[in-house]
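Trainee: Could we go through this model together, starting with a single residue and then moving on to cysteines and pockets?

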Amino acid sequence: MRNTLTGRISSGPSALLRDELLDPQFAYEAEHLLPYYVRIERTLVAEYARMRLITPEQARELDGLLAGATREVITGQQQANMSDIAFALERHVENGLSAPVPTWHLDRSRNDLQACAQLMFARDRLAGAARSLLEFQEAVRQLAAVTADLPMPGYTHHQAAQIITPGFYLAAVSEHVQHTLRRLLLTYDGIDACPLGAGAMSGQELAWDRDRMASLLGFRRAQPNALMSVASRGWALEITAEFGVLGVTLSRFVTDLLAWGSSEYGFIDLPDELSGISSAMPQKKNFPILERIRGRSSHLSAFHIDVTLGQRNTPYSNTVEVSKEAGAHVYQAFEALRSTTRLFTEVIRHLSFRTDRMAEVCEREFLGGFALANSLTLHEDIPWRRAQVIAGRYIVAAVAAGRKPADGDPELLRQAALGEGHELRDPAATLGDAFDVGRALRRMQSSGSAHPDAVRTALRAQRDEHERLVREWAERATTARTTGGDGHGNASAPCGD
């Protein structure tokens with residue numbers, strides 16, 4: 001069959017190219033990008049009308065036909081258009097015109113059209129990702145607020161180290177998610193530049209008003225360089241990079257939850273509907289959802305590597321390798337983040353902490369060693385490094401004597417100090433409440449500490465920042481979608497200019 005779309009080649013794509021490349025790409029774009037292509041085309045119609053290259057009547061007819069370009073309509077014409085969505089839209093409109101419009105598609109390229117549609121899709125999905133993260137962060141912050149007074153052991157090097165609270169730990173999770181949301185906001189603003197009007201690579205010959213088109217499509221500005229407009233898919237690198245960094249951190253948080261949920265710790269529990277069983281061992285209650293979250297978060301890093309390798313060592317121009325292959329899994333990256341945060345949000349909303357098991361460890365371990373060393377320096381004027389040695393000797397002696405941390409023994413402390421050449425003035429006062437679980441949290445005075453009041457202060461600041469981020473992201477989403485009175489590029493409104 002003769003190719004009617006170009007004079008350069010005489011036949012359409014082979015069955016192999018259709019099966020392996022063109023048809024899958026067409027199906028993806030028809031499902032996910034068609035609304036953006038339509039909005040762009042309607043904006044271009046408005047520009048033709050502004051430049052008086054088409055009449056108001058032609059503009060209205062073109063706009064109406066574009067508005068009716070549904071997925072079903074476009075898909076039905078797939079084979080006649082080289083399985084290309086831009087050609088399919090063009091053919092759909094031409095077949096519906098009452099008379100040909102010679103200047104429609106004048107001075108045009110698919111390169112900037114495709115770059116613009118992909119970027120519009122990415123902006124919308126990024127705003128959606130932000131909504132998911134805001135929801136997750138809010139759930140974390142709420143759980144932190146109600147667990148800020150519950151003592152639990154904190155671990156360094158996989159060993160019990162100091163007393164913290166679930167609220168303190170969760171405040172760190174919340175803080176990190178807010179950090180990511182701020183970085184993604186900067187990413188959004190950085191990529192919020194419209195490629196439309198760049199042409200194939202060097203610009204266009206007609207006086208297209210690129211700023212006006214950018215505004216109609218909900219962009220803050222036009223991309224100032226035509227080559228960058230069509231050659232760069234830096235937005236895919238930046239977005240997936242942030243997702244990958246977040247995925248690494250989420251995996252670390254989930255690793256702690258997996259440990260806390262084990263039979264050895266028993267610090268947390270989930271309801272039965274979020275738990276699993278063993279087919280062989282009926283005594284077990286498993287938490288496979290946590291394993292799923294950790295496993296799924298790994299995909300976020302993998303998708304960034306995929307995008308990176310797809311763009312490496314390619315010419316800085318419009319290429320199919322960059323525009324299609326390198327971005328082949330960007331949609332899956334957004335889906336992986338959505339799924340990961342949705343699962344994690346559900347876990348946080350139903351997570352409960354077993355205060356008895358946490359308190360048991362806090363009372364069993366000598367977690368006040370740091371406090372004792374400080375007390376030896378402050379009350380007995382012992383150089384701090386020697387105070388550390390004495391505190392360690394005291395703990396070893398107390399363990400050997402079968403003492404519990406709460407059963408302080410001033411005599412053992414006195415002997416430990418003598419062994420290091422120091423005579424204590426008041427070993428009982430110096431020992432004091434160093435190993436008192438209830439006092440451990442209240443002893444912390446620095447901002448950002450595990451002191452319940454400090455945690456609540458941090459959570460209030462996070463609440464204020466959360467509200468600001470909600471407003472900022474809502475503003476971006478609204479701006480991207482508010483493109484005129486009809487919400488589709490407002491293509492018909494300027495046609496009478």
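**Arginine, cysteines and pockets**

Mentor: Arg125 is placed in helix 6 (residues 110-146), where a helix is a DSSP run of H or I with at least four residues, numbered from the N terminus. This is a predicted model, in which local features need pLDDT of at least 70 and side-chain atom pairs pLDDT 80 or more, while totals for chains, interfaces and linings use all residues. Residues are numbered from 1 along each chain as its sequence is written, and side-chain values use heavy atoms, leaving out hydrogens and water.

Trainee: Which side chain does Arg125 join through a polar contact?

Mentor: That of Glu335, at 2.7 Å; a polar contact is a pair of N or O atoms within 3.5 Å, where within protein one must be able to donate a hydrogen and the other to accept it, and residues adjacent in sequence count only if both atoms are side-chain atoms.

Trainee: Changing topic, how many disulfides are there?

Mentor: The search of the whole structure finds zero, a disulfide being a pair of cysteine sulfur atoms within 2.5 Å. Cys116 is in none, and its nearest cysteine sulfur, that of Cys194, is 3.9 Å away.

Trainee: Why no bond for Cys194?

Mentor: Because its sulfur is 3.9 Å from the closest cysteine sulfur, in Cys116, which is too far for a bond.

Trainee: And is Cys194 buried or exposed?

Mentor: Cys194 is buried, with a relative accessible area of 0%, and buried means under 20% (1.4 Å probe, protein chains only). Cys116 also counts as buried, at 0% relative accessibility.

How values were computed. Helix = DSSP H or I, 4+ residues; strand = E, 2+ residues; numbered from the N terminus. Buried < 20%, exposed > 50% of the residue type's maximum accessible area, 1.4 Å probe, protein only.
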